[in-house]
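Hi,

Here is the structure I promised to pass on. Have a look at it first, and then read my notes below.

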Amino acid sequence: MCSTPRSILVRCQIDETQKWHFVCPGSCWKSVSGGVEDARGLEDEHPHYRYGGMWKDRSADGPVSAKKPRKVKEKQKEEALNRSKSGIDSDQEETDKTS
Ligand SMILES: [Zn+2]
């Protein structure tokens, strides 16, 4: 609402259009919610207000999110390796017992 860049925003509905708006958790959010998370008891003042949670601005951690896919892939690779290793180990144990 005030166009101030924030890393954390509150998602909420503030009017009859029921569109989700992102407002900063400061004065803007207070002006639409009355400072109460779900505007309980303030239905007369904010009849259209609906709380939609705290949201993190993705642009704030752009470089971090760019690295994420690679990290996930590496982790999955490791997990797959561990799984195949343990599978081989148990097979060997079984053959050792039978022989
Ligand atoms: Zn604001």
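Before anything else, one term: a residue counts as buried if 20 or more other C-beta atoms lie within 10 Å of its own, and as exposed if 12 or fewer do. By that rule, buried residues make up 9% of the 99 residues in the protein chain. Keep in mind that this is a predicted model.

**The overall layout**

The protein chain has two helices and three strands. If you walk along the sequence, you meet them in the pattern β-β-α-β-α. As for contacts with a separation of 6 or more, 42% of them are between residues 24 or more positions apart.

**The sheet**

In general, strands of a sheet pair through backbone hydrogen bonds, either parallel or antiparallel. Here you'll find an open sheet of three strands in the order 2-1-3, and the pairing is antiparallel. Strand 2 (20-23) and strand 3 sit at the edges with a single partner strand each, so one side of each has no neighbour in the sheet. From one strand to the next, the twist averages 25°.

Now for the two pairings. Strand 1 and strand 2 are joined by four bridges, and R11 is the residue that stands opposite F22 in strand 2. These two strands form a hairpin with six residues between them, and Q18 in the turn has a positive phi of about 55°. On the other side, five bridges join strand 1 to strand 3. Two spots to click on there: I8 stands opposite K56 in strand 3, and Q13 has R50 as its bridge partner.

How many of the seven residues of strand 3 are buried? The number is zero, so strand 3 (residues 50-56) lies largely in the open.

**The core**

The largest nonpolar core has seven residues: V10, C12, I14, V23, C28, W29 and V32. Strand 1 (8-13) and helix 1 (27-33) are the elements that give two or more residues to this core. Helix 1 provides the largest share, with three residues.

V23 is a nice core residue to zoom in on. Which residues is V23 in contact with, leaving aside its neighbours within four places in sequence? They are M1, L9, V10, C12, C28, W29 and V32.

**A few single residues**

D57 is in the loop between strand 3 and helix 2 (62-98). D57 has 13 C-beta neighbours inside 10 Å, so it counts as partly exposed. Try finding P5 as well: it is 52 residues from D57 along the chain, yet their C-alpha atoms are separated by 8.9 Å. Leaving aside neighbours within four places in sequence, D57 is in contact with R6, S7 and L9.

Most residues other than glycine have a negative phi. With that in mind, look at S3 and A39. S3, in the segment before strand 1, has a positive phi near 65°. A39, in the loop between helix 1 and strand 3, has a positive phi of about 55° although it is not a glycine.

Are these two buried or exposed? S3 has 6 other C-beta atoms within 10 Å, so it is exposed. A39 has 20 C-beta neighbours inside 10 Å, so A39 counts as buried.

Have fun exploring!

Notes. Residues are numbered from 1 along each chain as its sequence is written. This is a predicted model: local features need pLDDT of at least 70, side-chain atom pairs count only at pLDDT 80 or more; totals for chains, interfaces and linings use all residues. A nonpolar core is a set of buried Ala, Val, Leu, Ile, Met, Phe, Trp, Tyr and Cys residues joined through C-beta atoms within 7 Å. Two residues are in contact if their C-beta atoms, placed from the backbone, lie within 7 Å. Two strands pair if DSSP finds at least two bridges between them. Axes are lines fitted to C-alpha atoms, for helices over the stretch in contact, and angles run from 0 to 180 degrees between N-to-C directions.
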